[in-house]
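Let's take a walk through a protein model together. Keep the picture open as you read, and look up each part as it comes along.

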Amino acid sequence: MKGKIGIIGAGVAGLASAVRMAARGYSVDVFEKNEYPGGKLTAFQLGDFRFDAGPSLFTMPHYVDELTEVAGNPDLPPFTYQRLDTICHYFWEDGTRFPAFADPVRFSRVVHQELGVPPAEIFRALEESRRKYELTGRIFLEKSLHRAKTWLHPDVLRAIWQIPSLDIFQSMHTSNNRLFNHPKMVQLFDRYATYNGSDPYQAPGLLNIIPHFEYQFGAYFPTGGMHQITKHLVRLAKHLGVTFHFGQAVDRILIERGKVSGLQIGQDKVPYTAVISNMDIFFTYQRLLVDQPMPRKVKNQEKSTSALIFYWGVQQTFPELDVHNIFFSDHYQREFNNLRKGLVDDDPTVYINISSKLAPADAPSGAENWFVMINAPYAQGVDWDAAIPAARTKILRKLERILGQEIEPLISEETVLHPALIESRTASHLGALYGSSSNDRMAAFLRHPNRTRVFENLYFCGGSVHPGGGIPLCLLSARIVDEIMHSKRQVSL
């Protein structure tokens with residue numbers, strides 16, 4: 001046995017780190033303050049309806065498959081998934097609606113039919129997304145930005161040479177306005193900024209790499225729902241001998257002479273060879289490194305947006321809806337302006353996920369489980385007791401206008417998740433879903449690194465550090481930690 005690793009938090013990145021560390025021969029303990037694993041990626045039952053509580057879109061499944069290989073392809077229940085033929089259904093107030101097919105040719109045809117947009121504009125936008133990803137994504141998402149080795153890679157030099165064409169110095173919205181002549185297509189591609197809690201009117205155009213994830217790598221649905229990702233990672237970890245301590249919060253990261261020596265759990269001081277924190281970086285410093293100064297960029301960096309989610313058991317099926325559905329605001333820029341002010345807009349864009357479309361057991365026959373989400377400001381200064389009922393009314397009126405029938409009488413089960421609850425349940429600072437936003441062109445470089453130069457043997461993974469939030473990036477953060485820990489030369493910038 002190489003040594004002992006202590007992991008703080010059983011979110012996706014913590015679970016992935018546990019698998020990687022155990023596969024390398026370490027004894028691994030995972031401490032999770034909740035009684036269950038997964039962080040935001042959990043599930044619950046509401047009457048006869050099953051809901052995935054958090055992330056609802058699954059892309060880049062090969063990162064999960066990679067962990068199965070890391071674990072030695074054990075004889076466990078398989079993790080399976082299906083590729084979606086339709087990525088999303090889009091709806092507008094003026095009656096425009098169409099499916100975004102995963103096949104770019106079919107997608108371009110339906111957009112041309114509904115909006116008159118030439119197919120060439122779609123292909124040009126997707127080619128731009130591919131080019132930006134191939135120039136920057138594999139290096140800047142899959143490698144640490146805080147090690148000299150990364151910056152000496154030939155691909156980085158090639159990307160730097162192409163900076164003027166990467167739209168770093170203009171917003172996503174400006175970039176999309178250049179690519180499309182129709183405002184609805186600009187809005188459709190602008191919405192990809194919300195994949196990491198950012199504002200398309202501020203975030204750099206480089207974020208237009210995101211559509212490439214869906215149209216090249218695909219959008220998927222795990223058999224049994226999103227929570228199966230968590231279950232699969234836990235099975236892999238337990239197979240490798242990882243020990244989980246649920247309902248057990250860590251009180252302190254122990255430091256001796258500039259080096260991590262272990263964790264304090266209640267009155268016990270447990271020695272560890274290294275510690276990996278999957279806890280939000282703000283709370284890692286505030287609660288677990290109380291004697292150490294919090295980095296200024298952790299305190300001051302702009303937070304991502306959050307979400308207000310209604311979980312509704314709906315006693316009817318809607319054939320015009322799919323697994324993923326978006327009902328756009330008519331005042332998109334105003335919606336983001338209000339989010340920056342800490343307000344929920346009067347005309348919010350509404351996202352509805354219905355897993356029962358592909359997993360019929362998630363709802364009774366003739367019914368559907370609606371995960372209804374709007375973008376929301378992070379928790380600071382918001383009166384949620386007043387904001388929630390007001391937002392609920394706005395959402396219902398919008399859906400009823402567009403779908404042409406009353407929705408409220410169909411709701412038989414209901415619960416709500418708001419940013420303050422997200423913070424309390426998942427220790428996400430201010431309920432921000434993705435840690436810091438990507439509105440600043442330097443945001444990727446301002447994220448906290450996966451390894452600190454201040455303390456030896458302390459590492460960080462998860463959505464609040466590099467490379468960012470969302471399932472694929474959290475999985476990548478665990479891979480980056482693994483690579484940093486086991487590279488021969490740990491030269492940090």
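Before we start counting holes, here's what one is: a cavity is a set of grid points where a 1.4 Å probe fits but cannot get out. With that cut-off in hand, we can say that this structure holds five cavities of 30 Å³ or more. Keep in mind that the model is predicted.

So what is the mean pLDDT of the protein? It's 92, and 91% of the residues reach 70 or more. Go a bit more carefully around residues 489-493, where pLDDT stays under 50. For that stretch the model has 18 contacts beyond four places in sequence.

**The largest cavity**

The largest of the cavities has a volume of about 110 Å³. Its lining is made of 13 residues, and Ile281, Val298, Gln301, Ser436 and Ser464 are the ones nearest the centre. Sorted by class, the lining has five charged, five polar and three nonpolar residues.

**Two open sheets**

Now for the strands. One open sheet has three of them, in the order β5-β9-β6, and the pairing is antiparallel. β5 (58-59) and β6 (81-83) are at the edges with a single partner strand each, so one side of each has no neighbour in the sheet. Between β6 and β9 (residues 219-222) there are three bridges, and Arg83 has Tyr220 of β9 as its bridge partner. Helix α9 (residues 210-217) lies across β5, β6 and β9, at about 100 degrees to β6.

The other open sheet is built from seven strands, ordered β8-β7-β16-β17-β18-β15-β19, with mixed pairing. Its edge strands, β8 (97-101) and β19 (411-417), pair on one side only. From one strand to the next, the twist averages 20 degrees. Inside this sheet, β7 and β16 pair through bridges too, and His89 has Asn325 of β16 as its bridge partner.

Here are the two strand pairs side by side:

| Strand pair | Residues | Sense | Bridges |
|---|---|---|---|
| β6 and β9 | 81-83 and 219-222 | antiparallel | three |
| β7 and β16 | 86-91 and 324-327 | parallel | three |

**Two odd spots in the backbone**

Most residues other than glycine have a negative phi, and most peptide bonds are trans. Which residue has a positive phi although it is not a glycine? That's Met60, with a phi of about 50 degrees. You'll find Met60 in the loop between β5 and α2 (62-70).

The peptide bond from His466 to Pro467 is cis, with omega near 5 degrees. Pro467 belongs to the loop between β20 (458-460) and α17 (471-486).

**Where two helices meet**

The helices α2 and α17, which we just met next to those loops, also pack against each other. Their axes are 9 Å apart and make an angle of about 35 degrees. On the α2 side, the contact comes from Tyr63, Val64, Glu66 and Leu67. On the α17 side, Pro472, Leu475, Leu476 and Arg479 take part. By class, that contact has six nonpolar residues, two charged ones and no polar ones.

Terms used. Residues are numbered from 1 along each chain as its sequence is written. This is a predicted model: local features need pLDDT of at least 70, side-chain atom pairs count only at pLDDT 80 or more; totals for chains, interfaces and linings use all residues. Side-chain values use heavy atoms; hydrogens and water are left out. pLDDT is the predictor's confidence in each residue, from 0 to 100. Contact means heavy atoms within 4.5 Å. On a 1 Å grid over the protein atoms alone, a cavity is a set of points where a 1.4 Å probe fits but cannot get out, and a pocket is an open set with protein on both sides within 12 Å along at least five of seven lines; lining residues have an atom within 4 Å of a point. Grid points are joined across faces, edges and corners, and a volume is the space filled by probe spheres set on the points. Ala, Val, Leu, Ile, Met, Phe, Trp, Tyr, Cys and Pro count as nonpolar, Asp, Glu, Lys and Arg as charged, and the others, Gly among them, as polar. Two strands pair if DSSP finds at least two bridges between them. Helices (H or I, at least four residues) and strands (E, at least two) are DSSP runs, numbered from the N terminus. Axes are lines fitted to C-alpha atoms, for helices over the stretch in contact, and angles run from 0 to 180 degrees between N-to-C directions.
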